[in-house]
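Colleague: Could you walk me through this model, and show me how each label is earned?

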Amino acid sequence: MKTVFMTGVTGYIGGSVAARLLKAGYKVNGLARNEKDFPALTAVGIQPVAGSLDDEAVIAREAAAADAVINTASADNPYVVATILETLAGTGKKFVHTSGSSIAGDKARGAYANIEPFTFIPKNPRLEKAARVAIDRAVLAAEGHYSVICPTMIYGTGTGIKKDSVQVPMLTEAAREAGHGIHIGAGENRWSNVHIEDLADLYLLTLEQAPSGSFYYAENGIHSLKEIATAISKSLGFGGKTASITIEEAIRRWGIEGAHFGLGSNSIVSAVAARSLGWLPVHNNLLSTIVQSERD
């Protein structure tokens, strides 16, 4: 039985990826900061490893002992990635790093953008995303068997100990408070999206079959934020009613990163590379999933 060391197993992505690996017969050792999470991790079959992203010695030890490493804890922490790359250098072990498709995002403030889907890392990312892009490029350029997965807006119930995603729940909470769906500006900005179970399948496929230096966007659909706000409104019994908020209001509510790159931007990408690997996502119903989730 092969062992995979993972960061982020208490999170939405990492927990679901870990569950998929366990189902496929892998052993998963997962970094966990809070001991209160240990029983829940153990209950689902994950071996907890006490430590945080700042514990370089722990991360190096576990990476050295495992057969492969997957980082789902942070797309923006160069220290974790550097530690893993340094530890795995010359070993031939596989490493899968998690990015995020806001690297392809703009600062549209809710406006529509007529852009072609990105199929690879942007050559000239916005300054706000340059550091994340630098990490992605460093992983792909390193000498070893390394890959990067770049999820889009993720939806669906997580299969790990954390069940909820980020963007849709943020909008849902705001809608509950307001009594209607909320979008920034015109809400015509669009995001590619992917179901959490399909995303977990891509991690397993990448771990087992991807050639070194592979970069995969994960998407199987695209919707505007106004469409999403309308679906949330329907799910909460508000009849599809929505209203616009300014970017300043959004920043006060969600912070500058969440407002500009989480909910106010266009992030449109293509998973053509992942599909070429053999990835076959089966979920493409974000809006109906949102409506059904609250009714359930």
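Modeller: Gladly! This is a predicted model. Let's begin with strand 9 (residues 190–195), which pairs with strand 11 in the antiparallel sense over 3 bridges.

Colleague: What makes strand 9 and strand 11 count as paired?

Modeller: Pairing takes at least two bridges between two strands. Strand 9 and strand 11 have 3 bridges, so they count as paired. Within this pair, tryptophan 191 stands opposite histidine 223 in strand 11.

Colleague: Which strands form the open sheet, and in what order?

Modeller: The sheet has 3 strands in the order 7-9-11, with mixed pairing. Strand 7 (153–155) and strand 11 (222–224) are the edge strands. From one strand to the next, the twist averages 45°.

Colleague: Why are strand 7 and strand 11 called edge strands?

Modeller: Each of them pairs on one side only.

Colleague: Now the helices. Why are helix 6 and helix 8 called oblique to each other?

Modeller: The axes of helix 6 (residues 167–178) and helix 8 (residues 225–235) cross at roughly 55° and come within 10 Å. Roughly parallel means under 35 degrees, and roughly perpendicular starts at 65. An angle of roughly 55° fits neither, so the two helices are oblique. Their crossing is right-handed.

Colleague: Which residues of helix 6 and helix 8 meet?

Modeller: Val168, Leu171, Thr172 and Ala175 in helix 6 meet Leu225, Ile228 and Ile232 in helix 8. This contact divides into 6 nonpolar residues, 1 polar and no charged.

Colleague: And what makes helix 6 and helix 9 oblique?

Modeller: The axes of helix 6 and helix 9 (residues 247–263) cross at roughly 120° and come within 12 Å. The roughly perpendicular range ends at 115, and roughly antiparallel means over 145. Roughly 120° lies in neither range, so helix 6 and helix 9 are oblique as well. Helix 6 passes helix 9 in a left-handed crossing. Gln167, Met170, Leu171, Ala174 and Glu177 in helix 6 meet Arg253, Trp254, Gly262 and Leu263 in helix 9. The residues of this contact divide into 5 nonpolar, 2 polar and 2 charged.

Colleague: Last one: how do you know whether serine 52 is buried or exposed?

Modeller: Buried means under 20% relative accessible area. Serine 52 has 18% relative accessibility, so it counts as buried. Serine 52 sits in the loop between strand 3 (46–50) and helix 3 (56–65). Leaving aside neighbours within four places in sequence, serine 52 is in contact with Leu31, Arg33 and Ile59.

Conventions. Residues numbered from 1 in each chain as written. Predicted model: local features only at pLDDT ≥ 70, side-chain atom pairs only at ≥ 80, totals over all residues. Heavy atoms only, no water. Axes fitted to C-alpha atoms, helices over the stretch in contact; angles between N-to-C directions. Helix = DSSP H or I, 4+ residues; strand = E, 2+ residues; numbered from the N terminus. Left-handed = near helix turned anticlockwise from the far one by under 90°. Contact = heavy atoms within 4.5 Å. Nonpolar A, V, L, I, M, F, W, Y, C, P; charged D, E, K, R; others polar. Buried < 20%, exposed > 50% of the residue type's maximum accessible area, 1.4 Å probe, protein only.
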